[in-house]
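Student: I am new to this structure and would like to know how its labels are earned. Could we go through a few together?

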Amino acid sequence: SIIIKTGVILLLPIILGVIHYLTPASFQQTLALDHTNPQFYNFWTSALVHHNNIHLFANLGGYLLLMISCWGISRHWKEERLFWIGASIIFVATPIVTSVSSYVAFTEILEAEVENERGFSGVVGGVAGLLFMYILDTFEKKQREPLGVLSVGLYLSVLLASVGIMTGRTQAILIGIAVFMITIVAMRTTY
């Protein structure tokens with residue numbers, strides 16, 4: 001049912017919030033990836049912890065906007081099963097891929113010391129990639145124009161707003177909001 005599926009999408013933000021707000025810093029540190037003393041499990045668990053509230057909210061905001069967009073498009077195309085398979089692969093694989101890539105880049109290539117790697121950005125990036133694939137699929141199927149406009153508009157507005165939130169640039173946030181508003185107007189326009 002739609003309620004259970006909504007609950008599944010919301011479960012991850014709830015888990016991340018519980019870890020962030022209700023567990024001691026010492027526990028969170030055991031989940032973070034310490035490049036100077038990496039533990040195998042930290043290559044996945046580092047996605048569960050965040051540096052601060054802004055980091056957490058930026059990741060959760062991006063995650064929710066992207067997941068809801070992907071889920072909506074998959075429901076429209078009656079391809080929810082593929083959506084849930086793709087989302088599951090993203091949740092399992094991207095934390096590992098992101099952490100290993102970061103570890104190799106910083107430790108082996110740049111020879112930089114990173115002691116505390118945290119965050120869900122790799123998963124958010126994976127879901128952004130999934131949305132991009134849905135956009136391409138939508139255009140391939142020659143869906144009516146409003147859904148294509150919505151897909152591209154949501155992708156660009158989320159991307160711009162996320163960059164603005166993560167970098168503290170108000171202009172990017174405002175441009176993201178403007179793109180979203182233009183998207184809504186374009187969807188309602190008849191040609």
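Student: Where is the place of Ala32?

Tutor: Ala32 sits in the loop between helix H2 (25–31) and helix H3 (42–45). Helices here are DSSP runs (H or I, at least four residues), and strands (E) need at least two; both are numbered from the N terminus. This is a predicted model, where local features need pLDDT of at least 70, side-chain atom pairs count only at pLDDT 80 or more, and totals for chains, interfaces and linings use all residues. Residues are numbered from 1 along each chain as its sequence is written, and side-chain values use heavy atoms, leaving out hydrogens and water.

Student: Why is Ala32 called buried?

Tutor: Buried means under 20% relative accessible area, exposed over 50%, and partly exposed in between (1.4 Å probe, protein chains only). Ala32 has 2%, so it is buried.

Student: Which residues is Ala32 in contact with, leaving aside its neighbours within four places in sequence?

Tutor: They are Asn42, Ser46, Val49, Asn116, Glu117 and Arg118. Contact means heavy atoms within 4.5 Å.

Student: What makes Val18 partly exposed?

Tutor: Val18 is found in helix H1. Its relative accessible area is 38%, which lies between the two cut-offs, so Val18 counts as partly exposed.

Student: And with which residues is Val127 in contact, setting aside neighbours within four places in sequence?

Tutor: Val127 is in contact with Leu66, Met67, Cys70 and Ile90.
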